[in-house]
Amino acid sequence: MNALPESLKSHRVQPLADQAASLRSVSHGLVAWEPVRSLWFSGMALGAVVGGALTFTWAAFALFVVSTALVLLLGHSVGMHRKLIHDSFACPKWLEYLLVYCGVQVGLAGPIGLVRTHDLRDYAQRLPACHDYLSHRQPFAIDAWWQLHCQLHLLDPPQIRIEARIADDRFYRFLQRTWMLQHLPWALAFFAIGGWGWVFWGVCARVTAGVFGHWLVGYFAHNHGGMHHEVRGAAVQGRNVRFMSLLTMGECWHNNHHAFPGSSRLGLYAGEWDPGWWFLRACARVGLVRDLRLPEDLPPREELHRLEPQSPARHAHANATLAAP
């Protein structure tokens with residue numbers, strides 16, 4: 001099979017004319033400590049562990065649970081991933097802005113930076129080889145250090161072309177410049193209502209859980225778990241991490257996502273709970289969301305291969321599941 005799949009021609013990351021150079025562009029680089037990223041996570045983690053322990057109340061803990069669930073569902077899974085990155089459904093602009101703003105509250109990055117990070121990793125993993133940083137191939141502790149405290153500097157990075165609807169959007173550019181500061185109004189509001197306990201649990205613990213959880217799920221979703229599909233010729237295969245379905249709002253069905261990255265539904269088969277999809281279906285019923293893309297709406301990929309044969313009953317159920325509106 002061609003080293004550069006046909007499906008990469010429409011990718012934000014642009015392959016080079018020379019295939020060997022394209023492989024080198026995502027394979028050769030140095031991992032170095034990134035002070036801002038490291039201090040951001042370390043400061044939030046310190047506030048969560050020490051401050052959270054000293055100021056624990058059930059009300060503060062409830063704030064942590066509710067706020068974390070909301071930003072992961074509305075912001076990271078639906079807003080940042082399924083809408084901004086993959087544009088897998090249509091909605092009014094005000095709703096898109098609200099969802100992406102919630103995504104900034106996860107504490108990972110600004111919207112434009114997150115698109116760049118996601119698409120570089122996605123592109124690299126679909127090539128026959130890529131750097132260990134982009135594939136989560138290092139041992140658990142090393143990968144944690146790399147992903148939470150370091151940055152990959154590719155020696156000859158590929159060009160990433162982000163479309164004008166994102167790159168030139170004034171609101172997204174504002175969020176990109178101020179994404180860390182966007183937590184400050186909430187910290188002030190929480191302090192006014194519940195004191196330092198609400199700040200430590202409602203901001204520090206929420207950001208720590210979002211950033212650490214994003215890495216942890218990413219590590220397991222590229223190393224351990226079941227597979228329905230194989231992307232032939234890819235350096236990395238996505239894995240389905242079943243026990244994390246509710247905690248990740250459906251993002252744990254990563255093998256499904258590698259197979260159908262433009263699908264608004266991630267839990268495609270029986271028993272695969274997908275809260276992000278449930279939310280989108282609810283929004284569609286009241287007219288807030290439309291044009292939900294599913295696997296059958298996506299262009300075919302010659303490199304995609306279905307694993308294990310299904311029984312007739314399971315096959316029928318899977319077809320019905322995939323075709324559900």
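How much accessible surface does the chain have, and what share of it belongs to carbon and sulfur atoms? In this predicted model, the accessible surface comes to about 15,100 Å², and 66% of it belongs to carbon and sulfur atoms.

## Overall form

The chain's secondary structure comes to 14 helices and 6 strands. Its radius of gyration is 20 Å, close to the 20 Å that the globule rule gives for 325 residues, so the chain is as compact as a globular protein of that length. The C-alpha trace spans about 60 × 45 × 40 Å along its principal axes. Of the 325 residues, 53% are buried. Among contacts with a separation of 6 or more, 75% are between residues 24 or more positions apart.

## Nonpolar cores

In soluble globular proteins, nonpolar side chains tend to be buried together. The largest nonpolar core here has 54 residues, and V26, L84, L134, I162 and I166 are those with the most contacts inside it. Helix α11 (residues 196-221) gives the largest share of this core, 10 residues. Another core, of 16 residues, lies apart from it and includes C91, L95, V106 and V289.

I162 can be followed further. Leaving out residues up to four places away in sequence, I162 touches R12, I112, V115, R116 and A167. One of these contacts, R12, also takes part in a salt bridge with E163.

## Salt bridges

The count of salt bridges comes to 12. Three of them are set out below.

| Pair | Distance, N to O |
|---|---|
| E163 and R12 | 2.8 Å |
| D274 and R82 | 2.8 Å |
| D87 and K83 | 2.7 Å |

The side chains of E163 and R12 meet in a salt bridge. This pair links distant parts of the chain, 151 residues apart: E163 is in the loop between β4 (159-160) and α8 (164-167), and R12 is in the segment before β1 (13-14). E163 is partly exposed, with a relative accessible area of 29%, whereas R12 is buried, at 10%. The buried state of R12 follows because its 10% falls under the 20% limit for that class. R12 and E163 also belong to a network of salt bridges, in which they are linked with K93, E96, D119 and R165.

In the second pair, the side chains of D274 and R82 meet. This pair too links distant parts of the chain, with D274 in the loop between α12 (254-259) and α13, R82 in helix α3, and their positions 192 residues apart. Both D274 and R82 are buried.

The third pair joins D87 and K83. D87 has a relative accessibility of 33% and counts as partly exposed, while K83, at 6%, counts as buried.

## Helix α13 and the loop before it

Which residues of helix α13 are buried? In this helix (residues 275-285), they are P275, G276, W277, L280 and C283. Residues three or four places apart in an α-helix point the same way, because the helix has 3.6 residues a turn. Helix α3 is included in what covers the buried residues of α13. After α13 comes G287, whose phi is positive, near 85 degrees.

The loop between α12 and α13 holds S263 as well as D274. Is S263 buried or exposed? At 3% relative accessibility, S263 counts as buried. Its contacts, leaving aside neighbours within four places in sequence, are S88, L268, R293, L294, P295 and L298.

## Exposed positions

Some nonpolar side chains are at the surface. F56, W58, F61, V65, V66 and L70 form a nonpolar patch there, and together they have about 590 Å² of accessible area. One of these residues, V66, is found in helix α3 (residues 58-85), the helix that holds R82 and that helps cover the buried residues of α13.

V49 is in helix α2 (residues 35-54). With a relative accessible area of 59%, V49 is exposed. How far apart are V49 and R12 in sequence and in space? They are 37 residues apart in sequence and 39 Å apart in space, C-alpha to C-alpha. R12 is buried, whereas V49 is exposed.

Notes
Residues are numbered from 1 along each chain as its sequence is written. This is a predicted model: local features need pLDDT of at least 70, side-chain atom pairs count only at pLDDT 80 or more; totals for chains, interfaces and linings use all residues. Side-chain values use heavy atoms; hydrogens and water are left out. Patches are made of residues with over 30% relative accessible area and no salt bridge: like charges are joined within 9 Å, nonpolar side chains (Val, Leu, Ile, Met, Phe, Trp, Tyr) within 5 Å. Accessible areas come from the Shrake-Rupley method with a 1.4 Å probe; for residues, only the protein chains shown count as cover. A salt bridge is a side-chain nitrogen of Lys or Arg within 4 Å of a carboxyl oxygen of Asp or Glu. Helices (H or I, at least four residues) and strands (E, at least two) are DSSP runs, numbered from the N terminus. The radius of gyration is taken over C-alpha atoms; the globule rule is 2.2 Å times the number of residues to the power 0.38. Buried means under 20% relative accessible area, exposed over 50%, partly exposed in between (1.4 Å probe, protein chains only). Contact means heavy atoms within 4.5 Å. A nonpolar core is a set of buried Ala, Val, Leu, Ile, Met, Phe, Trp, Tyr and Cys residues joined through side-chain atoms within 4.5 Å.
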